[in-house]
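User: I am new to this structure and would like to go through it by question and answer. Please explain each step before giving the value or name I ask for.

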Amino acid sequence: MTIIQETVMKQEERLFYYQLFCHYYRGDLLQLPPEKWGQVVRILKEYQNTSLIDAVAKSLQVLEEVKENTIQTFEHDYNRLFVGPNKLLASPFESSYRNYEGNVLQQETLNVRNFYHFVGVKVADEGQIPDDHIQFELEFILHLLSDQTIQENRQIYKMFLEKHLMQWVFKHCKKIIENSQNPITHAMAVLLKEFLQLERILMEGGNEDVN
């Protein structure tokens with residue numbers, strides 16, 4: 001059972017988590033050396049919400065103790081889960097989880113695109129990769145949170161989480177945890193799941209620190 005002892009998340013912390021997962025799903029961390037993983041963990045441990053949950057603490061320890069041999073198998077597992085060429089074991093596309101046949105480039109994709117267009121942004125090379133890839137959804141949320149001068153963005157951020165990311169991301173994390181063969185992919189799935197569970201609790205309770 002997840003126990004949350006502190007229900008306020010600072011804006012700086014929220015932005016760091018979203019940035020971390022954006023980089024992860026963009027593939028930027030595939031060749032990250034062990035010492036850099038250690039630096040990431042040290043930053044996460046500075047935030048008061050981190051390590052309150054056993055699963056998070058264990059995942060942080062895994063990342064803090066990453067070895068070269070773990071990094072050598074990381075990319076292979078990452079591709080098995082998210083990239084291919086074989087059937088994806090944890091598809092990174094929202095539509096894979098939300099339509100009956102589990103296909104991509106469906107109505108869910110267009111609904112996500114409409115959110116982007118409403119705010120005045122679009123995916124680079126739109127149409128090449130479906131707009132409902134988790135990388136793009138995380139980047140969109142990061143965009144909304146990064147510009148606090150537009151008050152409407154806060155409402156769009158909450159609406160997008162409720163109508164899109166929160167509707168499928170926990171199934172996605174479950175598939176990663178079930179199918180991962182590398183400690184990094186497993187640990188990152190746990191961190192993403194627990195972070196977004198906390199986001200959901202904060203949204204429902206209204207206990208956000210946005211300063």
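User: Which residue meets the side chain of Asp131 in a salt bridge, and where do the two partners lie?

Analyst: In this predicted model, the salt bridge of Asp131 has its N and O atoms 2.8 Å apart. The pair links distant parts of the chain, since Asp131 is in the loop between H6 and H7 while its partner, 18 residues away, is in helix H6. Asp131 counts as buried at 0% relative accessibility, and the partner is buried as well, with a relative accessible area of 19%. The residue that meets Asp131 is Arg113.

User: Which residues does the salt-bridge network that includes Glu139 join?

Analyst: Glu139 forms a salt bridge with Arg26, and the closest N and O atoms are 2.8 Å apart. This pair links distant parts of the chain, with Glu139 in helix H7 and Arg26 in helix H1, 113 residues apart. Both partners count as partly exposed, Glu139 at 25% relative accessibility and Arg26 at 38%. Salt bridges that share partners make one network of Arg26, Asp28 and Glu139.

User: Is Glu94 buried or exposed, and with which residue does its side chain meet in a salt bridge?

Analyst: Glu94 sits in the loop between helix H4 (68-83) and helix H5 (95-98), and its relative accessible area is 0%, so it is buried. Not counting residues up to four places away in sequence, Glu94 touches Glu108, Val112, Asp132, Glu137, Lys163, His164 and Trp168. Its salt-bridge partner counts as partly exposed, at 33% relative accessibility. Glu94 is therefore buried, and the residue its side chain meets, at 2.8 Å from N to O, is Arg98.

User: How many aromatic pairs does a search of the whole structure find, and which helices does the pair of Tyr24 and Phe82 tie together?

Analyst: The search of the whole structure finds 17 aromatic pairs. Tyr24 and Phe82 form one that is edge-to-face, at 6.2 Å centre to centre and with 80° between the planes. Because Tyr24 lies in one helix and Phe82 in another, the pair ties together parts that are 58 residues apart in sequence, namely helix H1 (residues 11-26) and helix H4.

User: Which residues do ring pairs link into a cluster with Tyr24 and Phe82?

Analyst: Tyr24 counts as buried at 2% relative accessibility, and Phe82 is buried too, with a relative accessible area of 6%. Phe74 and Tyr78 form an edge-to-face pair at 6.1 Å centre to centre, with 85° between the planes, and because they are 4 residues apart in helix H4, about one helical turn separates them. Ring pairs link Tyr24 and Phe82 into a cluster with Tyr25, Trp37, Phe74 and Tyr78.

User: With which residues is Leu30 in contact, leaving aside its neighbours within four places in sequence?

Analyst: Leu30 is placed in the loop between H1 and helix H2 (34-46), and at 11% relative accessibility it counts as buried. Leu30 and Tyr78 are 48 residues apart in sequence, yet their C-alpha atoms are 8.3 Å apart in space. With neighbours within four places left aside, the contacts of Leu30 are Ile71, Phe74, Glu75 and Tyr78.

User: Why is H7 largely enclosed by the rest of the structure, and which helices do its buried residues pack against?

Analyst: Helix H7 (residues 134-146) reaches 18 Å from its first C-alpha to its last, close to the 18 Å expected at 1.5 Å a residue. It is largely enclosed because 10 of its 13 residues are buried, among them Phe136, Phe140 and Leu144. The buried residues of H7 pack against H1, helix H6 (107-119), helix H8 (152-179) and helix H9 (183-205).

User: How many disulfides does a search of the whole structure find?

Analyst: A disulfide is a covalent bond between the sulfur atoms of two cysteines. Cys22 counts as buried at 3% relative accessibility, and Cys173 is buried with a relative accessible area of 0%. The number of disulfides found in the whole structure is 0.

User: How many helices and strands does the chain have?

Analyst: From the N terminus on, the elements run α-α-α-α-α-α-α-α-α. Of the 211 residues of the chain, 49% count as buried. The secondary structure comes to 9 helices and 0 strands.

Terms used:
Residues numbered from 1 in each chain as written. Predicted model: local features only at pLDDT ≥ 70, side-chain atom pairs only at ≥ 80, totals over all residues. Heavy atoms only, no water. Helix = DSSP H or I, 4+ residues; strand = E, 2+ residues; numbered from the N terminus. Buried < 20%, exposed > 50% of the residue type's maximum accessible area, 1.4 Å probe, protein only. Contact = heavy atoms within 4.5 Å. Phe/Tyr/Trp six-rings, centres within 6.5 Å; stacked < 30°, edge-to-face > 60°. Expected span 1.5 Å × (residues − 1). Disulfide = S-S within 2.5 Å. Salt bridge = Lys/Arg side-chain N within 4 Å of Asp/Glu carboxyl O.
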